[in-house]
Amino acid sequence: MDRKDVKKWVKEPGKMGHKYSFWVVYFCTGCGIIEVPPVITSRWDAERFGIIPAATPRQANLFLITGYVSLKTLRPIIRTYEQMPEPKHTIGLGSCPINGGMYWDSYNTIKHLDKYMPIDGWIAGCMPRPEAIIVAITHLWTLIDKGMAKGYVRYREQYKYYRANQEKVLGRLEWPPLFPIKELKAQNG
Amino acid sequence: MDKLKQELGLFFKDTQMDIPEADRLLVSVKKEQIISILKFLKGKGYDHLVLISCVDWFKEKEFELVYILTCYPEKGHIILKTRISRENAEFKTVIPIFKNAEPYERELHELFGINFAGHPRLTPLFLEREYKIPPFRKDFDTRKYVEEVFGPIPPVEETE
C-alpha cells in the first residue's frame, strides 16, 4: 500500500476496498474476448491489481463488454447489467461498441452502446492489446477517486431515457422497469 | 466426375455442366428438375447436403439457389444451381430428401423472403426485429435503415 494513500483509506475505507477489488463479468459478445484469457492468466496476471472474473453478475461490480453488440445480445446485456449490485461500472472494449466500428452500416448491430446503458470508459482499438484492459482499470481508479465514475447513478436518474431507447430498438421488453419511471418524470421535468 | 457428368447428361436434358477444377462439378438446371436430380444424386452416393445458399440477381429479377452436395468416399463436390423468379419467390422444400435442409431454408426465408412450400415451420431464426424488406435483398437500403433505427452517424473529420 502506498503511504500517500493512507489518508484516503482512513477517510473512505469502503470506496478504497471497492476500488482495489474488481469482480468482473466478461461478456463475450464478439472477437474482443480473445484478449481476456491472457489478461486473467499468468502472462499479464490481472489478479495483481485485484481484478478477478466473477462467477455470476450478482457478485460482480465491473462489466466488460468485448466486441460488437447485435440486437439479440443487447437484451441479455441489459438484463445482466440490471442484475449487478451497486456500485457498478462498465467498460466497452474495442471500437464496435463505441460507434459501430466496421459494422457501421449493419442492419442488426447497434451503433452507440451508451444510448442503451451508461458506460464509464472506453478502450478504443480493433483490437486493443491485453495491456489496455489493465491501463483502463488504472484510469477507472482515478475516475473513482475523483467521483466521476457514476454511471450507475446516471442510469438511475436518467432511467426514462435509457428505457425509451431500449424499447425503441428491441420493441416490447419482457421485464418490468428496474426503477419507477413516474417519479422521474417530475424530477426531469 | 466425368462418368457422373455423362450419366447426368443422359438422364436429365437441358442441363449445363462444367468441371471448373478436379472433383468439382457445376450443374445449372431448371427449377422443375431440382427435386428429381437431388434424388438421383443421393442414390449415387452424394448423400450429404453441405449448404443451401442464395444469390440475388437484382437486374435480372431472379434469385439463384445454390445446393452443394458432397460424397465422402469420392471426395467430390457437386454444385447445383437453379433460378427462380424474384417477385414471386416461391420454391418447393427439399426436406423429404435431405432432413438437414430445414435450418437453411428457414434462414433463406428470413433473410431473402423466399417461401418454401411444404416446410413445417418457417419461423424467425436469427433476427430480432421485423423488416419490411428482407435485409439480404439488394433493394434493402442499409444506410437509410440504420439512420432511422439507430440514429444518425456523426460525420468524422479527417485530419492530417
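**Exercise 1.** In this predicted model, work out in what order the elements of chain B run from the N terminus on.

*Solution.* Start at the N terminus and read along: the elements of chain B go α-β-β-α-β-β-β-β-α-β-α. Now check your tally: you should get four helices and seven strands in chain B.

**Exercise 2.** Compare the radius of gyration of chain B with that of a compact globule of 160 residues.

*Solution.* First, the yardstick: a compact globule of 160 residues would come out near 15 Å. Next, the value for chain B, which is 19 Å. Then look at the C-alpha trace, which spans about 60 × 45 × 30 Å along the principal axes of chain B. Finally, add burial: 18% of the 160 residues of chain B count as buried.

**Exercise 3.** Find how many residues each chain gives to the contact between chain B and chain A.

*Solution.* Chain B puts in 12 residues, and chain A puts in 12 residues. Sort the chain B side by class and you get seven nonpolar, two polar and three charged residues.

**Exercise 4.** Describe how helix α4 (residues 71-83) and helix α8 (residues 159-170) of chain A cross.

*Solution.* You need two numbers here, because two packed helices are described by the angle between their axes and the distance between the axes. For α4(A) and α8(A), the axes come within 10 Å and cross at roughly 145°. Next, the hand: this crossing is left-handed. Now see who meets whom: Leu71(A), Leu74(A), Arg75(A) and Ile78(A) from α4(A) touch Gln166(A), Val169(A) and Leu170(A) from α8(A). By class, that contact has five nonpolar, one polar and one charged residues.

Technical notes
Residues are numbered from 1 along each chain as its sequence is written. Chains are lettered from A and ligands numbered from 1 in the order in which they are written. This is a predicted model: local features need pLDDT of at least 70, side-chain atom pairs count only at pLDDT 80 or more; totals for chains, interfaces and linings use all residues. Helices (H or I, at least four residues) and strands (E, at least two) are DSSP runs, numbered from the N terminus. The radius of gyration is taken over C-alpha atoms; the globule rule is 2.2 Å times the number of residues to the power 0.38. A residue is buried if 20 or more other C-beta atoms lie within 10 Å of its own, exposed if 12 or fewer, and partly exposed in between; C-beta atoms are placed from the backbone. Two residues are in contact if their C-beta atoms, placed from the backbone, lie within 7 Å. Ala, Val, Leu, Ile, Met, Phe, Trp, Tyr, Cys and Pro count as nonpolar, Asp, Glu, Lys and Arg as charged, and the others, Gly among them, as polar. Axes are lines fitted to C-alpha atoms, for helices over the stretch in contact, and angles run from 0 to 180 degrees between N-to-C directions. A crossing is left-handed if the near helix is turned anticlockwise from the far one by less than a right angle, and right-handed if clockwise.
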